[in-house]
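Thank you all for coming. I would like to walk through one structure with you slowly, beginning at a single residue and working outwards, so please keep the sequence and the model in view.

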There are 2 protein chains.
Amino acid sequence: MYHALIMAGGSGTRLWPLSRSNRSKQSLKLVGDRTMFQQAVDRLMPLFPPERICVVTREVQSPLLASQVPDLPVTNFILEPIGRGTAPAIGLAAIHLRQRDPGGIMAVLTADHFIAQPERFLQVLRDAALIAADGNLVTLGIKPSSASTGFGYIQQGKRLADLEGFHVFHVEKFIEKPDQETASRMVNSGDYSWNSGMFIWRVDRILNEIERQMPELFEQLSQVEASLGKPEYATVLSRVWPQVTQQTIDYGVMEHASDVLVIPTDIGWTDVGSWGSLFELLPADQEGNIFIGPCLEIDTHNTLVFGDKRLVATIGVQDMVIVDTEDALLVCPKSRGQEVREIVEKLKENKQSKWL
Amino acid sequence: MYHALIMAGGSGTRLWPLSRSNRSKQSLKLVGDRTMFQQAVDRLMPLFPPERICVVTREVQSPLLASQVPDLPVTNFILEPIGRGTAPAIGLAAIHLRQRDPGGIMAVLTADHFIAQPERFLQVLRDAALIAADGNLVTLGIKPSSASTGFGYIQQGKRLADLEGFHVFHVEKFIEKPDQETASRMVNSGDYSWNSGMFIWRVDRILNEIERQMPELFEQLSQVEASLGKPEYATVLSRVWPQVTQQTIDYGVMEHASDVLVIPTDIGWTDVGSWGSLFELLPADQEGNIFIGPCLEIDTHNTLVFGDKRLVATIGVQDMVIVDTEDALLVCPKSRGQEVREIVEKLKENKQSKWL
């Protein structure tokens with residue numbers, strides 16, 4: 001059977017002060033009335049029954065996330081004691097799924113991206129499952145809309161098959177976040193997709209790749225797997241997990257796997273990674289302003305005010321981001337949203353954990 | 001005897017969102033640990049016993065102000081039902097003082113200015129009282145530190161007398177807020193002072209001038225005076241006061257009075273009229289920043305953050321004012337602080353009184 005696994009363990013430090021250590025990006029209402037996580041679940045509902053939608057996240061994040069999707073069985077939340085990167089998270093989910101459904105296929109999906117065309121997204125998930133059933137490791141690529149240096153890229157090789165509206169390619173190479181020149185060259189060539197971090201594969205197939213390429217992780221997963229469904233599961237997991245090495249699935253598995261395919265897609269995908277990216281997603285008024293919450297402006301242009309209950313008054317403000325939360329405020333030019341991460345780093349250094 | 005009258009009826013709309021309709025500028029801690037009003041009282045204490053320090057303010061403002069200066073007798077708060085400008089306020093206080101002390105001298109003082117040299121201020125108050133005792137209307141001028149267009153000016157005429165460190169001049173002319181060119185010419189000439197709105201005169205003398213120049217106001221004051229100390233006082237005042245015409249003491253009395261003198265002073269006087277003026281008063285760090293409350297900055301310069309408990313984080317912010325209060329926030333360039341008044345006007349238009 002076909003299972004969806006939503007990866008919801010990230011924190012999203014670039015969306016501080018809205019995102020916090022106990023209030024991850026996924027749990028926030030950034031676009032529309034539903035949280036990013038709720039939207040990630042909502043769009044899967046036509047294809048997956050709730051009992052086949054799983055979530056892997058960190059223990060501290062799960063109560064808030066679980067409360068947002070009461071339709072999902074709580075047993076479908078697979079909890080990491082601490083975050084260890086995508087490879088261990090996927091491995092942990094895979095051993096859970098293997099126990100439930102040894103012949104299953106899993107779609108590894110994200111909760112921190114906006115997808116404007118959910119029906120087309122489900123179409124490619126359907127198609128990808130057919131290809132994954134043959135033992136291929138399928139990744140969803142995103143047709144680039146700009147020469148972004150913020151994403152990894154996937155180089156397409158030989159075209160393997162054509163599906164309904166999608167082409168399937170062998171993966172030639174995974175490329176880490178490039179410099180501007182390389183990004184421009186890749187995007188102009190038409191042979192590259194952005195790496196979306198979404199994958200479709202058979203559960204047994206990904207566990208075999210982990211066994212082959214990440215034997216230490218596989219051994220650790222096996223210890224956990226032996227305790228599955230037994231009273232000692234939590235004890236074993238909390239003993240094993242701190243010893244697991246941090247690793248991404250791209251670096252740990254995908255770059256050196258065989259039978260890796262990519263399906264470049266145009267599903268209206270947007271990374272909601274920073275305040276700058278919300279400028280692209282949220283509708284602006286004719287002055288280019290996006291005002292969330294009560295605002296009063298004089299001569300203000302191209303400015304995002306992400307407020308809540310308090311009144312935000314701006315005079316002569318241009319190209320800025322103002323984020324107003326209950327206990328912290330951010331004022332930052334639109335172009336420097338990446339530096340929000342440094343604010344979070346400073347808070348950590350200063351041990352000002354109440355604002356983290 | 002010598003009485004001090006602190007005028008504390010203004011609201012200070014240019015210091016929104018810190019100043020509000022029920023939280024006037026005078027009642028705020030803007031510079032240091034004491035409110036503007038407390039500082040206005042504090043600096044008078046060496047010269048005036050508490051029973052000779054009176055306050056004229058609006059009824060709605062008095063509970064907060066009275067609570068800030070428990071040493072002043074509550075009966076020294078002279079309350080206007082509504083504000084009518086400085087001429088009626090001074091007239092009202094004068095009839096109260098005439099009843100207490102018919103031969104008294106009063107110093108009309110402000111609560112919304114900062115005075116860096118309070119001892120020198122008291123010295124000029126002492127000297128001015130001597131001159132006022134002869135029946136002169138004395139105004140305190142401020143030696144201009146810049147060609148400001150934000151103040152009225154006083155042109156000095158013939159020099160009348162020299163006191164300890166001060167000169168006394170006849171007033172040639174009161175000049176309303178000038179344009180930039182006129183301001184520069186006046187300041188360069190050395191013959192002009194800023195009009196501080198501080199006056200020293202005999203109580204009977206100012207009432208005579210009001211009688212001569214503002215007969216309607218005098219008639220209204222007489223009605224109130226007849227009820228002084230009687231049970232009907234409040235009723236009479238609340239009937240008469242709404243009919244009183246709005247007027248300033250400068251326009252209503254001073255411009256056409258005789259025996260008007262000016263003492264130009266250098267007492268470290270600063271008008272705390274706008275957020276821009278706080279830049280001059282508050283000590284800045286080496287980047288030119290003034291941070292009140294918890295702040296975290298990256299690449300921030302010449303910026304005033306006037307916060308409270310919440311964290312204010314700034315990235316790449318220059319020459320800005322950020323004022324963070326419990327229920328409202330202002331972001332505005334330093335150079336445009338005067339436009340804060342327009343925000344307050346908009347709130348009134350929109351009937352958003354919770355933020356007024």
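Let us begin with A:Asn350, which sits in the segment after α11 (340-349) of chain A, where helices are DSSP runs of H or I with at least four residues, strands are DSSP runs of E with at least two, and both are numbered from the N terminus. A:Asn350 is exposed, having 11 other C-beta atoms within 10 Å; on this scale a residue is buried if 20 or more other C-beta atoms lie within 10 Å of its own, exposed if 12 or fewer, and partly exposed in between, with C-beta atoms placed from the backbone. Between the C-alpha atoms of A:Asn350 and A:Ile263, which are 87 residues apart along the chain, the separation is 45 Å.

I should say at once that this is a predicted model, in which local features need pLDDT of at least 70 and side-chain atom pairs count only at pLDDT 80 or more, while totals for chains, interfaces and linings use all residues. Residues are numbered from 1 along each chain as its sequence is written, and chains are lettered from A and ligands numbered from 1 in the order in which they are written. The average pLDDT of chain A is 94, and 100% of the residues score at least 70, pLDDT being the predictor's confidence in each residue, from 0 to 100. For the model, ipTM is 0.85 and pTM is 0.85.

Chain A itself is divided into domain 1 (2-271) and domain 2 (275-355), with bounds that come from an automatic or database domain assignment. The centres of domain 1 and domain 2 of chain A, taken over C-alpha atoms, are 29 Å apart. Where these domains touch, eleven residues come from domain 1 of chain A and 19 residues from domain 2 of chain A, two residues being in contact if their C-beta atoms, placed from the backbone, lie within 7 Å.

How do the two chains relate to each other? Chain B is superposed on chain A by a rotation of 180° with 0.0 Å of shift along its axis, at an RMSD of 0.1 Å, and the two copies are therefore related as by a two-fold rotation axis. That superposition is done by least squares on the C-alpha atoms of residues with pLDDT of at least 70 in both copies.

Which parts of chain B form the side that touches chain A? The contact takes 28 residues from chain B and 28 residues from chain A, and on the chain B side β13 (295-298), β15 (311-315), β16 (320-324), β17 (328-333) and α11 (340-349) each supply at least two residues. The largest share of that side, six residues, comes from β17(B). By class, the side of chain B that touches chain A has 19 nonpolar, two polar and seven charged residues; here Ala, Val, Leu, Ile, Met, Phe, Trp, Tyr, Cys and Pro count as nonpolar, Asp, Glu, Lys and Arg as charged, and the others, Gly among them, as polar. Because 100% of the interface residues of chain B are also interface residues in chain A, the copies meet through the same surface.

There is also strand pairing across the chains: β15 (residues 311-315) of chain A and β17(B) run parallel and are joined by four bridges, two strands being paired if DSSP finds at least two bridges between them. One of the partnerships puts A:Leu311 with B:Ala328 in β17(B).

Within chain A, β7 (residues 153-162) and β8 (residues 167-175) pair in the antiparallel sense over seven bridges, and A:Gln156 stands opposite A:Val171 in β8(A). Their hairpin has four residues between the strands, and A:Gly165 there takes a positive phi near 85°. On β7(A), three bridges also lead to the antiparallel strand β9 (residues 192-202) of chain A, where A:Tyr153 has A:Trp194 as its bridge partner.

Finally, a few backbone details. Most residues other than glycine have a negative phi, and most peptide bonds are trans. The bond from A:Trp16 to A:Pro17, however, is cis, with omega near 5°, and A:Pro17 lies in the loop between β1 (2-7) and α1 (36-42) of chain A. A:Asp299, in the loop between β13 (295-298) and β14 (304-306) of chain A, has a positive phi near 50° and is partly exposed, with 14 other C-beta atoms within 10 Å.
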